Structure formats: C-alpha cells, structure tokens
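Here are my notes on the model, set out as numbered points. They go from the central strand outwards, and then to single residues.

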Amino acid sequence: MLIFAHLITHEDYMGRCLQLAKLGAGHVAPNPMVGAVLVYQDVIIGEGYHQQYGAAHAEVNCFNSVVPGMQNFISKSTLYVSLEPCSHFGKTPPCADLVIQKGVAKVVIACRDPFEKVNGLGIEKLKAAGIEVIEGVLEKEAEELNKRFVTFYQKKRPYIFLKWAQTQDRFIARAGYERLAISNTYSNTFTHKMRAEEAAILVGTNTALHDNPALTTRNWVGKHPLRIVIDKHLKLPGTLNLFSDNHPTVVVNYLKEQQEGQIYFLKIADKEDLLAQLMKYLYEHKIQSLIVEGGSILLSAFIAQNLWDEAVVITNKKLNIQQGLNAPELPMKKLITAMALSSDTIQRFRNR
C-alpha cells in the first residue's frame with residue numbers, strides 16, 4: 001500500500017520510523033525496537049518494524065511490504081531506519097547485506113547500534129558498497145526509545161529504575177517496619193504495568209520479610225519480571241510469596257549456589273561489592289532493565305553508588321504519619337513527568 005504523505009524532511013520520515021518501532025514494545029526484548037520506512041520521490045512505498053524477538057527485522061518487513069508494481073523503484077529509493085542495520089549473523093541474517101542486495105541508493109540512520117558486533121560495522125559495510133549514508137537524524141529520540149538496550153551495551157549493566165511510595169511527610173513505612181498501605185488502587189495498577197514492562201525486579205531482605213510482596217503483574221496483563229531478593233545469610237522463610245508460587249526467583253546470598261525448582265541461589269563473595277557482583281550477573285544473563293523496589297537501605301545503596309537511571313516516586317498527598325522510616329534522598333535529579341492519580345502523585349526523575 002502506497003502512502004502519499006506531505007513529508008519533506010529526514011526528520012519527518014524518521015519520526016514515522018520511531019512510530020513504527022514503538023509497535024514492537026513488549027515483544028522484541030532483549031532486541032531493540034526498530035522501525036524502517038522506504039521512500040521514493042516523497043512517496044512511502046514500504047514500511048516495517050521489528051515485531052517479535054527472533055523474527056524478521058524492520059528492514060526485512062519494510063522491503064516485504066513493497067507491492068510488486070513498485071519493486072523496481074527500490075534501487076532508487078531512500079531507506080530510513082531508526083537503528084543501524086545489523087552486520088552479523090544472529091537469529092536472522094545481516095540486514096546490511098539485504099540493503100546492499102536490494103540496491104538501495106541512500107540510507108538514513110537515527111543512531112548507531114551499541115552492540116559490539118555491529119556498532120558502526122553495518123554503516124561501514126553500506127558505505128563500502130557505495131551506498132550514501134546519513135547518520136544522526138533524531139538520534140536522541142531513537143536512543144531514548146531504546147534506552148534499556150543502549151545502556152545495557154554502553155554501561156554493561158541494566159537500565160535501573162528506583163521505585164518507592166512515600167507519605168506526604170516523606171516516610172515509606174512506620175517505625176519497626178510495620179506495614180503501611182501508602183499508594184492507592186490506581187497507583188498499584190500503574191506499578192504492575194511498570195513491572196510488566198521491565199525484565200527484573202529487586203527487593204532487600206527487610207522488604208521481603210515484612211511486606212511479603214509477590215512482585216508479579218497481578219493487576220496488569222503482561223509477563224512477570226524476574227524476581228530477585230537479597231538474603232545474604234538465607235534467613236528468609238520459605239513460606240514467603242517470593243518462594244511459594246511457581247514464578248522464578250533469584251536469591252542473592254553468601255552461602256550457596258544452587259537451583260531448587262524455580263528458586264536459584266546465586267552465591268556472591270562477601271568480601272566484594274554486592275551491587276557490582278549483581279550487575280555482572282544481570283549483564284551476563286542479558287537482563288536489560290531492573291526495578292529496585294525497596295526498601296530504604298537498598299535504595300540508598302544504589303543512590304550512594306550513583307547506580308540508577310530513573311526514579312519513580314509515588315507520594316500520597318493526604319497521608320502524614322509524623323514518624324517512621326525515612327524515604328531515600330535523590331541527589332542530582334531532573335523531573336521528567338508528574339501525574340496525579342486521585343490522592344497520589346507519581347513523579348518520574350532522571351539521573352542528571
């Protein structure tokens with residue numbers, strides 16, 4: 001199907017690529033979301049996006065969408081793609097080779113692929129074949145779309161979200177870890193949606209023991225994140241929700257390395273930095289995003305090491321308890337968004 005559009009700039013067409021790329025959200029991880037548009041004389045003759053992990057990439061779907069009567073125009077067209085075409089054999093053949101095979105005249109790319117087996121090599125291959133390449137069109141927007149993927153390969157760790165709920169006077173629980181319902185039903189649904197969008201979720205010993213969370217997506221349609229709990233000396237009872245259902249849980253500890261049903265005991269060295277060892281494990285297992293959901297000691301440890309990318313803070317504007325466990329302090333933060341859900345305000349901050 002041809003799309004006759006009054007689009008005249010590279011940014012316009014790349015914006016369409018990013019629109020298409022977003023359609024793959026929740027289906028392509030740990031691969032990035034990618035969109036592609038093929039343009040001949042200001043007419044979009046093909047579109048595609050990466051739809052499913054392990055399936056055809058955006059460029060393949062874009063070329064396949066070109067109707068038979070327009071096939072002859074591919075070699076005279078410009079291909080817009082939101083991420084550098086891959087240059088290696090993975091679950092699919094290299095897209096750079098396909099672009100060359102199709103004889104495309106020009107390729108416009110939003111950002112480079114930070115994966116070490118690509119990272120500029122796809123662009124080099126296109127240029128060596130005589131294809132004109134333009135880079136950096138809506139680069140920031142493209143990197144933001146795939147911030148988890150980019151951070152994972154640039155920093156060798158997941159994209160990290162800190163998340164907590166606090167009272168108006170900035171407490172996250174009553175004294176003595178007495179459980180306190182802070183967020184409302186709407187915010188709880190938001191939290192479950194957030195969990196469904198990320199790869200893993202982490203809590204500390206006190207949160208697991210006193211709150212007994214399930215850390216699943218019960219209130220939202222979507223996959224459960226991999227649950228991780230820190231239990232250095234294996235003192236948590238096996239009756240907790242983290243251990244008593246059929247969903248996988250990783251227990252970070254000093255005592256044993258063992259698989260027991262859906263529970264994996266990850267042994268770490270007590271003389272080395274705990275968070276550094278955990279980041280290494282997550283990187284090796286291709287976990288590209290992590291929610292740290294408390295409590296205050298664990299959250300503060302991430303903040304102290306500047307080991308976070310975004311923070312989601314839910315504040316109940318109608319609840320004051322005057323004393324209790326203090327909420328963490330976020331230094332060098334930038335407010336991205338804020339929204340009100342009845343009694344709660346949800347603020348999202350970025351690490352400057």
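1. Two strands are said to pair if DSSP finds at least two bridges between them. Strand 7 and strand 15 (residues 310–316) run parallel and are joined by seven bridges. Within this pair, the residue of strand 15 that stands opposite Trp-164 is Val-313. Please keep in mind throughout that the model is predicted.

2. The second partner to look at is strand 14 (residues 289–292), which pairs with strand 7 in the parallel sense over four bridges. Here Tyr-159 has Ser-289 of strand 14 as its bridge partner.

3. Where do these strands sit in the sheet order? The sheet is open, has 10 strands and follows the order 12-13-11-10-9-14-7-15-18-17. Its pairing is mixed. Strand 12 (258–260) and strand 17 (333–341) are the edge strands, each pairing on one side only. Between neighbouring strands of this sheet the average turn is 20 degrees, with direction ignored.

4. Helix 11 (residues 296–304) packs on this sheet. It touches strand 7, strand 9 (200–203), strand 10 (226–230) and strand 14. The direction of helix 11 makes about 135 degrees with that of strand 7.

5. Helix 6 (residues 147–155) also deserves a look. It lies across strand 7, strand 14, strand 15 and strand 18 (344–351). Relative to strand 7, helix 6 runs at about 120 degrees.

6. Is strand 7 enclosed or open to the outside? Residues count as buried under 20% relative accessible area. Nine of the nine residues of strand 7 (residues 159–167) are buried, so the strand is largely enclosed by the rest of the structure. The cover extends to both faces. On one side the buried residues are Tyr-159, Phe-161, Lys-163, Ala-165 and Thr-167. On the other side they are Ile-160, Leu-162, Trp-164 and Gln-166. A lysine is thus listed among the buried residues of this strand.

7. Another lysine, Lys-147, belongs to helix 6. Its relative accessibility is 13%, so Lys-147 counts as buried. Apart from neighbours within four places in sequence, Lys-147 is in contact with Tyr-159, Glu-310 and Arg-350. Tyr-159 is one of the buried residues of strand 7.

8. Thr-191 is part of helix 7 (residues 185–197). With a relative accessible area of 5%, Thr-191 is buried. Setting aside neighbours within four places in sequence, the contacts of Thr-191 are Lys-163, Glu-293 and Ile-314. Lys-163 is on the face of strand 7 that also holds Tyr-159. From Thr-191 to Leu-266 there are 75 residues in sequence and 26 Å in space, C-alpha to C-alpha.

9. Some backbone details should be checked by eye. The peptide bond between Ala-29 and Pro-30 is cis, with omega about 10 degrees. Pro-30 is in the loop between helix 1 (10–22) and strand 2 (35–40).

10. Asp-42 is not a glycine, yet has a positive phi, near 65 degrees. This residue is in the loop between strand 2 and strand 3 (43–49). Asp-42 has a relative accessible area of 44% and is partly exposed.

11. Lys-156 likewise has a positive phi, about 60 degrees, without being a glycine. Lys-156 is in the loop between helix 6 and strand 7. At 39% relative accessibility, Lys-156 counts as partly exposed.

12. Some totals for the chain follow. The protein chain has 11 helices and 18 strands. Its C-alpha atoms fill a box of roughly 70 × 45 × 35 Å along the principal axes. Of its 352 residues, 50% count as buried. When contacts between residues at least 6 apart in sequence are taken, 68% join residues at least 24 apart.

13. The accessible surface of the protein chain is about 17000 Å². Carbon and sulfur atoms account for 51% of this surface. There are 39 positive and 34 negative charges in the protein chain, and their mean positions are 3 Å apart.

Definitions and conventions
Residues numbered from 1 in each chain as written. Predicted model: local features only at pLDDT ≥ 70, side-chain atom pairs only at ≥ 80, totals over all residues. Heavy atoms only, no water. Helix = DSSP H or I, 4+ residues; strand = E, 2+ residues; numbered from the N terminus. Buried < 20%, exposed > 50% of the residue type's maximum accessible area, 1.4 Å probe, protein only. Contact = heavy atoms within 4.5 Å. Areas by Shrake-Rupley, 256 points an atom, 1.4 Å probe, with all protein chains shown as cover. Lys, Arg positive; Asp, Glu negative; His and termini not counted. Charge placed at Lys NZ, Arg CZ, Asp CG, Glu CD. Axes fitted to C-alpha atoms, helices over the stretch in contact; angles between N-to-C directions.
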